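I sat down with this one to look up a handful of residues, a few helices and the contact between chains. My notes follow in the order I made them.

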Amino acid sequence: MTRLPRWADLILTPLISLALAFAISAVVILAIGQDPWAALKTMVTGAVGSSYGWGYTLYYATNFIFTGLAVAVAAHAGLFNIGAEGQATLGGLGVALVCLALPWPHWALALPAAMLGGALFGAAWALIPAWLQAKRGSHVVITTIMFNFIAAALLNWVLVNVLRPPGSQDPATANFPAGTHLPTLSDMAGAIGVQWGKATPANVSFLIAIAACLLVWLLIWRTPLGYEIRAFGKSERAARYAGISPVRITVVAMLISGALAGLMAVNNVMGEAGRLVLNNVEGAGFIGIAVALMGRNHPLGIFLAALLFGFLYQGGAELALFSNIPRELITVIQALVILFTGALDNMVRMPLERLFGRRAG
Amino acid sequence: MDYATVLQILDSALRLMTPLLLACLAGLFSERSGIFDIGLEGKMLIAAFAAGAAGALTGSVWLGLGAAVLASLALAAIHGMTAITFRGNQLISGVAINFLASGLTVLLGQSWFGLGGRTPALEGGARFATITLPGAEALRGVPVVGPLYAEVLSGHTLPVYVALALVPATWWLLYRTRFGLRLRAVGDNPASVDTAGVSVVRLRWAAVAITGVLCGLAGAYLAAGLSAGFVKEMTAGRGYIALAALIFANWMPWRALGATFLFGLMEAVANRYPEIDLGPVTIPSMFMSALPYILTVIILAGFIGRATPPRAGGEPYVKER
């Protein structure tokens with residue numbers, strides 16, 4: 001079997017997988033009697049055709065960058081973290097507790113504290129599955145799935161019994177104080193005299209997400225810890241022989257992964273909703289799996305894949321508004337992307353390898 | 001709590017156990033053959049939708065059941081292709097299948113019926129009929145045992161009895177037939193099966209197909225037995241609870257019955273008593289709903305018993321490694 005050239009591996013295979021996913025989605029749209037071309041046009045216009053569309057696309061993309069990075073860091077250590085959803089749920093709780101704890105005078109003070117809260121709670125939720133995997137050999141996939149459900153139940157209980165303001169029927173916290181309101185990208189553009197993305201939720205967290213991409217890149221490829229994580233992910237036995245502690249790497253990688261997922265809450269809970277509500281993660285943790293697979297676990301790839309899914313998410317919302325195609329179409333596309341880039345990777349790769357092999361030989 | 005209440009809860013537990021038991025046995029076949037399947041949820045969901053849709057269109061529960069099994073088999077085939085043919089990641093494939101089912105059911109349901117993802121309510125022949133066991137009425141008068149037989153065991157639909165009968169059948173198939181021996185071997189050490197001249201590929205495909213059929217039956221029961229029609233996301237995590245039960249049961253059929261009955265009972269109790277008042281503390285309903293998952297984590301941690309999965313689980317088989 002020939003190995004693919006690097007560029008084909010990194011760019012061609014994800015693109016072919018994406019094309020397959022879109023082609024099948026087009027067939028599905030045809031099957032329900034709609035026009036795929038018109039659907040695509042609605043999505044493009046709605047998601048990137050105006051600064052309003054971009055404001056939402058970037059907001060969703062911010063969520064997916066955080067969860068995509070979370071899945072990717074765990075994946076580098078050979079761990080499949082399906083628990084980003086639960087970790088982001090707990091991250092939301094951490095952010096909410098920080099925001100409600102003090103009458104914050106200014107967002108610049110509240111933001112670092114909230115980031116710390118979200119990251120700590122997200123990491124804590126990843127700690128138990130990590131420890132169980134490292135010490136007792138319980139499969140991290142199963143435990144993180146279970147922890148997603150436990151997180152949902154826990155949040156439900158906390159909102160109904162602890163954080164719900166007296167007299168309110170709504171299972172949600174009180175609104176956060178004004179000093180925690182993050183500047184939106186629209187505000188920031190306005191400050192330099194540009195009218196952009198009025199009344200959209202994209203906020204300063206987008207810049208934090210970009211910084212997180214850079215930091216993860218540095219961590220994975222430019223630090224000893226990153227080297228250990230990758231070595232452990234490639235071969236546990238070789239890593240162990242080289243004196244790398246499996247327990248330490250498993251726990252540390254999952255803690256970083258959980259913290260990144262928890263950081264997402266700065267965007268959706270603090271930046272957009274301004275209070276903590278039930279089911280606020282809305283599946284972003286699972287989209288992180290598709291984003292990480294599509295982005296080949298590289299921060300740049302994850303950034304681009306997150307933009308793509310941000311586009312799909314916002315485009316899907318517009319589609320549900322202006323056509324008869326429900327937004328669940330996006331779930332189907334997401335499933336197909338996961339299927340082709342993650343599970344049926346070899347199906348895409350084998351013919352390519354044959355093609356390149358023939359050329360080289 | 002009087003005897004009549006106990007009987008009602010047991011009756012409800014038996015009903016709620018059925019989809020879990022069917023899915024759990026489905027997972028058992030797949031995982032015993034060395035193929036992890038976290039896509040039980042998705043297969044059940046698409047089967048429930050197919051049963052709801054076909055039942056509503058044709059008015060026949062049998063056509064509904066047939067559609068459910070076919071739909072579930074189609075997703076099982078994707079999983080088989082990933083796990084067996086292309087040696088891909090079985091966990092990722094399971095995740096993809098769950099999302100595919102979650103998206104497709106609403107997409108197709110909304111465009112066919114326009115009810116926001118529901119299917120029209122099923123009536124009469126489009127649902128499974130209840131079966132009264134022989135002598136149920138005659139024995140009702142016998143103290144203690146009579147009502148237990150008449151109220152709890154009798155009066156369920158066909159899938160409930162099929163699920164119960166599948167427990168000894170699975171045990172027999174796994175431990176008393178050549179197929180079962182080979183199936184267990186292929187999950188623990190596929191190379192040995194290959195050396196003996198038996199096709200690993202064919203055995204694993206057979207297991208995946210059985211999984212598909214059983215998930216299909218589980219889904220059909222959800223839509224046409226337990227409820228009257230398909231509702232968006234109606235599996236509500238049952239596929240994952242079945243997975244939890246499978247671990248709880250240590251991949252053995254009789255224990256699967258015990259584990260799924262326990263989880264069914266918990267759900268029945270939680271339905272009947274949303275908040276359990278124990279005097280000084282009240283157990284909130286959220287705790288009851290999270291209990292199966294918490295128990296599974298404790299089992300996995302090895303604090304109660306020890307879970308030992310099939311040894312070759314999750315690994316694609318490559319000849320002549």
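Started with B:Asp188, keeping in mind that this is a predicted model. Is B:Asp188 buried, exposed or partly exposed? I get 16 C-beta neighbours inside 10 Å, so B:Asp188 goes down as partly exposed; buried would need 20 or more, exposed 12 or fewer. B:Asp188 sits in helix α8 of chain B, which covers residues 178–188. Leaving out residues up to four places away in sequence, I find that B:Asp188 touches B:Pro310, B:Arg311 and B:Ala312. I also looked up B:Gly314: the C-alpha atoms of B:Asp188 and B:Gly314 are 11 Å apart, with their positions 126 residues apart in sequence.

Next, A:Arg230. I located A:Arg230 in helix α9 of chain A, residues 224–234. I count 17 C-beta neighbours inside 10 Å, so A:Arg230 is partly exposed. What does A:Arg230 touch, once residues up to four places away in sequence are set aside? I get A:His76 and A:Ile220. A:Ala74 is 156 residues from A:Arg230 along the chain, yet their C-alpha atoms are separated by 9.9 Å.

Then I went through some backbone angles. A:Arg296 has a positive phi, near 50 degrees, and is not a glycine. I placed A:Arg296 in the loop of chain A between α12 (284–294) and α13 (299–322). With 18 other C-beta atoms within 10 Å, A:Arg296 is partly exposed.

B:Asn250 is another non-glycine with positive phi, about 55 degrees here. I found B:Asn250 in the loop of chain B between α11 and α12 (253–272). Its 15 other C-beta atoms within 10 Å make B:Asn250 partly exposed.

One further positive phi on my list belongs to B:Arg87, near 50 degrees, and B:Arg87 follows α3(B). That took me to the helix.

How far apart are the end C-alpha atoms of α3(B), and what should its 25 residues span? At 1.5 Å a residue I expect 36 Å for residues 61–85 of chain B, and the ends are 34 Å apart, which agrees.

I then checked how α3(B) packs on α4 of chain B, residues 90–113: the axes come within 9 Å and cross at roughly 160 degrees. Over 145 degrees counts as roughly antiparallel, so that is my label for α3(B) and α4(B). Their crossing is right-handed. On the α3(B) side I wrote down B:Leu75, B:Ile78, B:His79, B:Thr82 and B:Ala83, which meet B:Gln90, B:Ser93, B:Gly94, B:Ile97, B:Leu100 and B:Ala101 of α4(B). Sorted by class, that contact has 6 nonpolar and 5 polar residues, and no charged ones.

Second helix pair in chain B: α2 (residues 40–58) and α11 (residues 238–248). Their angle is about 135 degrees and their axes are 7 Å apart. Parallel, perpendicular, antiparallel or oblique? The angle makes α2(B) and α11(B) oblique to each other. I noted a right-handed crossing of α2(B) past α11(B). From α2(B), the contact takes B:Leu40, B:Glu41 and B:Met44; from α11(B), it takes B:Arg238, B:Gly239, B:Tyr240, B:Ala242 and B:Leu243. The split for α2(B) with α11(B) is 5 nonpolar, 1 polar and 2 charged.

Last, the two chains together. How many residues does each chain put into the contact? I get 36 residues from chain A and 35 residues from chain B. On the chain A side, α5 (107–136), α6 (140–163), α14 (329–343) and α15 (345–360) each supply at least two residues. The largest share comes from α6(A), with 11 residues. By class, the side of chain A that touches chain B has 23 nonpolar, 10 polar and 3 charged residues.

I picked α14(A) out of that group for a closer check. All of it is covered: 15 of its 15 residues are buried. Its 15 residues should span 21 Å at 1.5 Å a residue, and the end C-alpha atoms of α14(A) are 20 Å apart, which agrees.

Notes: Residues are numbered from 1 along each chain as its sequence is written. Chains are lettered from A and ligands numbered from 1 in the order in which they are written. This is a predicted model: local features need pLDDT of at least 70, side-chain atom pairs count only at pLDDT 80 or more; totals for chains, interfaces and linings use all residues. Two residues are in contact if their C-beta atoms, placed from the backbone, lie within 7 Å. Helices (H or I, at least four residues) and strands (E, at least two) are DSSP runs, numbered from the N terminus. Ala, Val, Leu, Ile, Met, Phe, Trp, Tyr, Cys and Pro count as nonpolar, Asp, Glu, Lys and Arg as charged, and the others, Gly among them, as polar. Axes are lines fitted to C-alpha atoms, for helices over the stretch in contact, and angles run from 0 to 180 degrees between N-to-C directions. Angles under 35 degrees count as roughly parallel, over 145 as roughly antiparallel, 65 to 115 as roughly perpendicular and the rest as oblique. A crossing is left-handed if the near helix is turned anticlockwise from the far one by less than a right angle, and right-handed if clockwise. The expected span of a helix is 1.5 Å times one less than its number of residues.
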